[in-house]
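Welcome, and please take a moment with the sequence and the 3D view before reading on. This report walks through the fold piece by piece.

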Amino acid sequence: MTDSVVTRFAPSPTGFLHIGGARTALFNWLYARKRGGRMLLRIEDTDRERSTPEAIEAILDGLKWLELDWDGDVIYQFQRAARHREVAEQLLADGKAYRCYATAEELAAMREKARAEGRTRLYDGLWRDRDPAEAAAGVRPTIRLKAPREGETVIEDEVQGRVSWQNENLDDLVLLRGDGNPTYMLAVVVDDHDTGVTHVIRGDDHLINAARQKQIYDALGWALPSMSHIPLIHGPDGSKLSKRHGALGVEAYRAMGYLPAALRNYLVRLGWGHGDQEIFSTKEMIEAFDLPAVGRAAARFDFAKLENLNGHYIRHSDDQSLVNMFEDVLDHVPDGSSLKAKLNDATRAQLLQAMPDLKQRAKTLLELIDGANFIFADRPLEIEPKAAALLTSETRELISKLRSLLEPVSPWNAETTEAAMRAFAETNGLKLGAVAQPLRVALTGRTTSPGIFNVLAVLGRQESLARLGDQVSG
C-alpha cells in the first residue's frame, strides 16, 4: 500500500448515475485531489443479472459530464473473480473460514427461527465446526467467514465517529457462493486492498457493511482503510429522496439545462459546510474540502436552491462558452435536433450577440433556449394566443408606422432604433411601453422577450422589417 491517498468510487451498474452517487464521486474526487492522491473508478458488476452495459455507459458519461476524472483504467470487479476466490481459499486453509453445507430449506428455517426470537444473527453456525463428511450428497457448499463470536467490532469513522457492533449479533457471512462466485463483501475488501485504497468514502447505507468487511480485513491480517460514511440525501420534506424530489440520473439534470459546474457546487454543499460560503470555484472546493466537516444528518435536496445557483453560474459564464453549452445540450433535450439544424455561422453570431441579455433572464439552459426562440423562429411567426390578442387593427396600424420609421435608421443597432422609437413616442404623446409591446409581438410572437431594442439589433434590419411587414399585411 502506498503512502499517498487513494480513494475510489465504486458504483453498481444496475441503473443511471444517480444524484447520491454523483455526490459520493465528488467527495472522493475532492479528497484525493486536495492531497495530491488518486481516485480510482471501480464498476462493481458482480451481480451479473442486473448489471448492464447501458448502465456502465451512463455512469461513465455522467462522470465525464460532471468533469470528475478518475486515475488509471476502469476496474471491473467481475474480471477479478479468480483473485477473490483465491483469497477465500486462503482463509479456508488458514482456518479463518469453513465450508457450509446447509441446504436452502435449513437456511430458511434458521432465518425464521432467528426472526421469531428477535435475533439479528440469522445463521446459527450449523457447519462452523462440523466434519464435511457429514454433508448430504450433492450439496454445493458455500465458504463462510469464521467470524468472532465474542467482543465487538469497532470502526473509527471520520464522519460518524466511533461505531461498534456486538459480534454475537453478526453472522458468519458467506464469502464464496455455492456456484463458486465471490460475494460483494469479499470482492470489495480484496479490491480495496489490492489497489491500495487508503480512504473509503461512501454513503452511510454501507455502514453495516463496514462491520462485516472489517471482520474480513482482520481475518486476513490486512490494515483497514480510513472509513467515512456520509449521510444520505433526503427530499425537502425530510423523507427518502424520490424521483419527485430529484432522485434522477445525472443525465436528467443535463437534459434539464443545468451546468456541470453548478451541479458540482450544489452537491458539495449537500452535507458539507464551509462557513456561510455557498459559491465555490473548483479550486476553492478542492482547497476547502475535508471529511470532519461533513455532517451526520441527512442532507436535504432543494430544487429551488439548485436552480438559483445554476442561474448564478449562467450569469457569470463567458458568452461564447454559453453558446457552446447551448449547442451541446440540444443533443439531450426533446426537439433539440430541429433547433440544431438551424445553427449556422449566422445564427451562432446572433446567439452570441444576444447572450449578454439572454443570460440575465435564464436559470437553466432550457430557459436560455426558450429566450433565444426569436432568433430561430420561422416566418411568418407563430403568435402565442396572449400575444395574438394584442394584434388589433389599431396596433397593426401602429406597427406599420413603426416599420416606416425604422426603415431609414442607420447604422442599425440598439441605440439608434431606441432613439427613433423614443422620438416617435414623444411626438405622438405615447409611453414607450405602448410602442415597445406591439413591436415585441410582431418581432417575437410573444408578450415577453429580451430587451426589444436588443431584439431589433440581433435580428438585423432586413429580418426585423420583414417580420413587421408580415403583421401589417396580416
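A good place to begin is Pro-411, which sits in the loop between helix H17 (393–406) and helix H18 (414–427). The peptide bond that joins Ser-410 to Pro-411 is cis, and its omega is near -5°. Before going further, note that this is a predicted model, in which local features need pLDDT of at least 70 and side-chain atom pairs count only at pLDDT 80 or more, while totals for chains, interfaces and linings use all residues. Residues are numbered from 1 along each chain as its sequence is written, and side-chain values use heavy atoms, with hydrogens and water left out. The names of helices (H or I, at least four residues) and strands (E, at least two) come from DSSP runs numbered from the N terminus.

**Bonds and backbone angles**

Another cis peptide bond runs from Arg-379 to Pro-380, with omega near -10°. Pro-380 belongs to the loop between helix H15 (373–376) and helix H16 (385–388).

Two other loop residues have a positive phi without being glycine. For Glu-67, phi is near 60°, and for Asp-335 phi is near 60° as well. The table places them beside Asp-204, another loop residue. Its last column uses relative accessible area, where buried means under 20%, exposed over 50% and partly exposed in between (1.4 Å probe, protein chains only).

| Residue | Loop between | Relative accessible area |
|---|---|---|
| Glu-67 | helix H2 (53–65) and E3 | 48%, partly exposed |
| Asp-335 | H11 and helix H12 (336–340) | 63%, exposed |
| Asp-204 | strand E9 (199–203) and helix H6 (207–220) | 24%, partly exposed |

What does Asp-204 touch, leaving aside its neighbours within four places in sequence? Its contacts (heavy atoms within 4.5 Å) are Gln-160, His-229, Ile-230, Pro-231 and Leu-232. Asn-344 is 140 residues from Asp-204 along the chain, and the C-alpha atoms of the two are separated by 49 Å.

**Strands and sheets**

Strands count as paired if DSSP finds at least two bridges between them. One open sheet has 3 strands in the order E1-E2-E3, with parallel pairing. Strand E1 (6–9) and strand E3 (75–76) are at its edges with a single partner strand each, so one side of each has no neighbour in the sheet. Strand E2 (residues 38–43) pairs with E3 over 2 bridges in the parallel sense, and Arg-42 stands opposite Ile-75 of E3.

A further open sheet, also of 3 strands, follows the order E4-E5-E8 and is antiparallel. Here strand E4 (97–100) and strand E8 (174–176) are the edge strands, each pairing on one side only. From one strand to the next, the twist averages 40°. Strand E5 (residues 142–145) and E8 share 2 bridges in the antiparallel sense, and Ile-143 has Leu-176 in E8 as its bridge partner. Helix H3 (residues 81–93) packs on this sheet and touches E4, E5 and E8, its direction making about 100° with that of E4.

There is also a hairpin, formed by E6 and E7 with 3 residues between them. Strand E6 (residues 152–157) and strand E7 (residues 161–166) pair over 6 bridges in the antiparallel sense. Within this pair, Glu-156 has Arg-162 of E7 as its bridge partner.

**Helix packing**

How are H11 and H13 placed relative to each other? Helix H11 (residues 319–329) packs with helix H13 (residues 345–361) at an angle of about 110°, and their axes are 9 Å apart. Axes are lines fitted to C-alpha atoms, for helices over the stretch in contact, and angles run from 0 to 180 degrees between N-to-C directions. Angles under 35 degrees count as roughly parallel, over 145 as roughly antiparallel, 65 to 115 as roughly perpendicular and the rest as oblique. H11 and H13 are therefore roughly perpendicular. Among the residues making the contact are Leu-322 and Phe-326 of H11 and Leu-351 and Met-355 of H13.

**Nonpolar cores**

A nonpolar core is a set of buried Ala, Val, Leu, Ile, Met, Phe, Trp, Tyr and Cys residues joined through side-chain atoms within 4.5 Å. The largest has 101 residues, and those with the most contacts inside it include Leu-63, Phe-289 and Leu-351. Apart from this core lies another of 20 residues, among them Ala-88, Leu-173, Ile-216 and Ala-219.
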